[in-house]
Amino acid sequence: MAAHASHDSHASHGSHSTGAHDYAGPGASHGHGEHHENVIFRIARQDHPGGERYYQSFSVPHVPGMNVISALQYIAGHPTPIGETDSVTPVAWDCNCLEEVCGACTMVINGRVRQACSALVDQLDRNDAGEIELEPMSKYPVVRDLFVDRRRIFEGLKRVRAWIPVDGYYDAGPGPTQGPGEQEINYPLSQCMSCGCCMEACPQYTKVELSRASGESDAEFARRETHELQNGFLGAAVISQAVLFNNHPTGRMNKAERLEALMGPGGITDCGNAQNCVKVCPKLIPLTYSIAKAGRDTSIHAIKRWFMK
Ligand code: SF4
Ligand code: SF4
Ligand code: FES
């Protein structure tokens with residue numbers, strides 16, 4: 001999962017020891033759509049969780065069609081920042097599918113949250129210094145450099161039971177048929193890859209990052225952390241997945257539990273309806289539909305619950 005490049009990888013690159021061998025200087029790249037000898041990446045570095053952020057720039061030979069991940073792979077093998085003589089610890093990042101399906105490589109590229117694997121270097125703008133800037137998402141704790149801890153999303157999916165329970169692994173036969181109308185609504189929602197872009201853009205979704213209190217045991221810290229993760233705002237993606245499973249003919253059996261979770265702490269009422277989320281979703285998931293549907297369904301559920309008292 002985590003693409004931590006090995007320190008060994010730069011042992012064979014002593015010839016690059018100046019780090020400036022291929023640096024064409026600030027402004028060497030002039031922006032969108034042009035091809036260049038080298039591309040400069042300014043990368044946010046952080047050595048450990050809770051550590052100080054600093055920046056280093058690296059020069060990468062231009063290859064037509066290259067994406068940001070391929071540039072990071074080059075840097076992993078040649079980790080000498082511009083202006084330094086020695087190599088440094090290679091930049092850490094996360095990736096998996098390399099085809100915008102897993103969401104693991106999500107980072108902030110030139111100020112915009114997106115997947116590094118589908119970010120083609122020739123289509124990216126440069127900053128004023130002619131560089132492409134890479135930073136980790138700001139809403140998740142940094143593990144190292146560009147690699148963040150997205151556990152909160154998966155804790156959220158557990159909170160709303162974003163799955164269909166089964167009672168075994170035997171072949172239960174085909175599931176209930178869904179008509180074209182249902183498919184049209186549900187298929188787009190099913191494309192969510194838990195990337196975190198919608199949460200990164202959401203003003204209501206604030207970072208949860210705890211540090212260990214003095215004398216606190218591993219178990220105590222884990223309990224406190226789980227409590228925080230389970231009470232923060234769920235975010236648009238998780239709300240949308242609850243709606244998806246509530247729309248499903250079999251998933252509907254657990255609808256009430258999902259609605260209860262959406263009505264709990266950090267649930268649907270924390271959404272301020274700013275609709276930033278829908279604008280940044282790389283899968284164009286209709287999050288405004290999901291949020292509105294979750295709002296309606298929880299209101300109906302609350303009224304029913306009141307009458308059943
Ligand atoms: S609509 Fe809700 S989830 Fe989306 S960005 Fe706004 S507050 Fe966040
Ligand atoms: S809803 Fe879109 S932006 Fe949000 S996690 Fe899913 S794919 Fe990513
Ligand atoms: S590596 Fe899977 S989305 Fe980029």
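Serine 118 counts as partly exposed because it has 16 C-beta neighbours inside 10 Å. For burial, the cut-offs go like this: a residue with 20 or more other C-beta atoms within 10 Å of its own is buried, one with 12 or fewer is exposed, and anything in between is partly exposed, with C-beta atoms placed from the backbone. You'll find serine 118 in the loop between strand S6 (112-115) and S7. Leaving aside residues up to four places away in sequence, serine 118 touches Asn67 and Glu100. Touching, or being in contact, asks that two C-beta atoms, placed from the backbone, lie within 7 Å. Methionine 66 sits 52 residues from serine 118 in sequence, yet their C-alpha atoms are 9.7 Å apart in space.

Keep in mind that this is a predicted model, where local features need pLDDT of at least 70, side-chain atom pairs count only at pLDDT 80 or more, and totals for chains, interfaces and linings use all residues. Residues are numbered from 1 along each chain as its sequence is written, while chains are lettered from A and ligands numbered from 1 in the order in which they are written.

**The whole chain**

There are nine helices and nine strands in the chain. These are DSSP runs numbered from the N terminus: helices are H or I with at least four residues, and strands are E with at least two. Of the chain's 309 residues, 37% are buried. Among contacts with a separation of 6 or more, 70% are between residues 24 or more positions apart.

**Three more residues to look up**

| Residue | Place | Burial | Other C-beta atoms within 10 Å |
|---|---|---|---|
| Arginine 45 | strand S2 | buried | 20 |
| Asparagine 110 | loop between S5 and S6 | partly exposed | 16 |
| Arginine 161 | loop between H2 and helix H3 (180-190) | partly exposed | 19 |

Arginine 45 touches Arg53, Tyr54, Tyr55, Gln56 and Asp145, again not counting residues up to four places away in sequence. Arginine 45 and valine 91 are 46 residues apart along the sequence, but 7.3 Å apart from C-alpha to C-alpha.

The backbone has a twist to show at the other two. Asparagine 110 has a phi near 50 degrees, which is a positive value in a residue other than glycine. Arginine 161 isn't a glycine either, and its phi is positive too, at about 50 degrees. This arginine 161 comes just after H2.

**Helices with a buried side**

Which residues of helix H1 (residues 68-77) are buried? They are Val68, Ala71, Leu72 and Ile75. These residues cover an arc of only 100 degrees around the axis, so they lie on the same side of H1. The arc is taken from the directions from the helix axis to the C-beta atoms. The buried residues of H1 pack against five strands: S2 (38-46), S3 (53-61), S4 (93-94), S5 (106-109) and S7 (131-135).

Now try helix H2 (residues 151-159), where Arg152, Ile153, Gly156 and Arg159 are buried. Their arc around the axis is only 115 degrees, so they share the same side of H2. Helix H5 (218-229), H6 and H7 are included in what covers the buried residues of H2.

**Two helices that cross**

Two packed helices are described by the angle between their axes and the distance between the axes. Helix H7 (residues 255-263) packs against helix H9 (residues 287-307) at an angle of about 105 degrees, and their axes are 10 Å apart. Axes here are lines fitted to C-alpha atoms, for helices over the stretch in contact, and angles run from 0 to 180 degrees between N-to-C directions. That angle makes H7 roughly perpendicular to H9. The labels are roughly parallel under 35 degrees, roughly antiparallel over 145, roughly perpendicular from 65 to 115, and oblique for the rest.

On the H7 side, Ala256, Leu259, Leu262 and Met263 meet Ala294, Asp297, Thr298, His301 and Ala302 in H9. By class, this contact has six nonpolar, two polar and one charged residues. Ala, Val, Leu, Ile, Met, Phe, Trp, Tyr, Cys and Pro count as nonpolar, Asp, Glu, Lys and Arg as charged, and the others, Gly among them, as polar.

**Around ligand 2**

Which residues come nearest to ligand 2? Of the 15 around it, Cys192, Cys195, Cys198, Ala237 and Cys281 do. A residue is near a molecule if its C-beta atom, placed from the backbone, lies within 6 Å of it. Helix H6 (236-247) gives the most to this shell, with three residues.
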